[in-house]
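Thanks for coming. I will talk through one small part of the structure and then step back to the whole chain. Please have the picture open.

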Amino acid sequence: MNNRVRELRTGLGWSQADLGERLDVSRQTVNAIETGKYDPSLPLAFKIARLFSLTIESIFTPEA
């Protein structure tokens, strides 16, 4: 799955640790999501979308 998490996070000037704190996950989890090594659970995907005030579909897209 592709995602825009890094783009959105850096656009706000947040570190991976900052985002992890806001989502109640570790910095390593944020890194794994950003690099595509980990697909977040649905509840976590909703938290991410809410935090950025976007829809899940505008952040996460299936690989072609």
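In helix 3, the buried residues are Val30, Ala32, Ile33 and Glu34. Before going on, I should say that this is a predicted model. What do the buried residues of helix 3 pack against? They pack against strand 1, which is residues 2-3, against helix 1 and helix 2, against helix 4, which is residues 42-52, and against strand 2, residues 60-61.

Helix 3 itself covers residues 27-34, and Thr29 sits in it. Is Thr29 buried or exposed? Neither word fits, because its relative accessibility is 22%, and that counts as partly exposed. The cut-off for buried is under 20%. The side chain of Thr29 makes a polar contact of 3.0 Å with the side chain of Ser26. If you follow the chain eleven residues on from Thr29, you reach Pro40, and the C-alpha atoms of these two are separated by 8.8 Å. Just after helix 3 there is also Gly36, with a positive phi of about 80 degrees.

Now to Glu34, one of the buried residues of helix 3. Which side chain does the side chain of Gln16 meet in a polar contact of 2.8 Å? The partner is the side chain of Glu34. Gln16 belongs to helix 2, residues 16-23. Its relative accessible area is 13%, so Gln16 counts as buried. Setting aside neighbours within four places in sequence, Gln16 is in contact with Arg6, Arg9, Arg27, Val30, Asn31 and Glu34.

Arg9 is on that list, and Arg9 is worth a look in its own right. Arg9 lies in helix 1, residues 5-11. A first guess might put a charged residue on the outside. Here Arg9 is buried, because its relative accessible area is 8%. With neighbours within four places in sequence again left out, Arg9 is in contact with Trp14, Ser15, Gln16, Leu19, Val30, Glu34 and Phe52. Val30 and Glu34 appear in the contacts of Gln16 and also in those of Arg9.

For contrast, take Glu21, which is in helix 2. Glu21 has a relative accessibility of 69%, so it counts as exposed. The C-alpha atoms of Glu21 and Ile59 are 19 Å apart, with their positions 38 residues apart along the chain.

Now the whole chain. How many helices and strands does the protein have? There are five helices and two strands. Along the sequence the order is β-α-α-α-α-α-β. The radius of gyration is 10 Å, close to the 11 Å that the globule rule gives for 64 residues, so the protein is as compact as a globular protein of that length. Along the principal axes, its C-alpha atoms fill a box of roughly 30 × 25 × 20 Å.

Of the 64 residues, 33% count as buried. Of the contacts between residues at least 6 apart in sequence, 53% join residues at least 24 apart. The accessible surface comes to about 4,000 Å², and 52% of that belongs to carbon and sulfur atoms. Last, the charges: there are 8 positive and 8 negative, and their mean positions are 3 Å apart.

To finish, go back to the polar contact between the side chains of Gln16 and Glu34, and find it in the picture.

Technical notes
Residues are numbered from 1 along each chain as its sequence is written. This is a predicted model: local features need pLDDT of at least 70, side-chain atom pairs count only at pLDDT 80 or more; totals for chains, interfaces and linings use all residues. Side-chain values use heavy atoms; hydrogens and water are left out. Helices (H or I, at least four residues) and strands (E, at least two) are DSSP runs, numbered from the N terminus. Buried means under 20% relative accessible area, exposed over 50%, partly exposed in between (1.4 Å probe, protein chains only). A polar contact is a pair of N or O atoms within 3.5 Å; within protein, one must be able to donate a hydrogen and the other to accept it, and residues adjacent in sequence count only if both atoms are side-chain atoms. Contact means heavy atoms within 4.5 Å. The radius of gyration is taken over C-alpha atoms; the globule rule is 2.2 Å times the number of residues to the power 0.38. Accessible areas come from the Shrake-Rupley method with a 1.4 Å probe; for residues, only the protein chains shown count as cover. Lys and Arg count as positive and Asp and Glu as negative; His and the chain ends are not counted. The place of a charge is taken as NZ of Lys, CZ of Arg, CG of Asp or CD of Glu.
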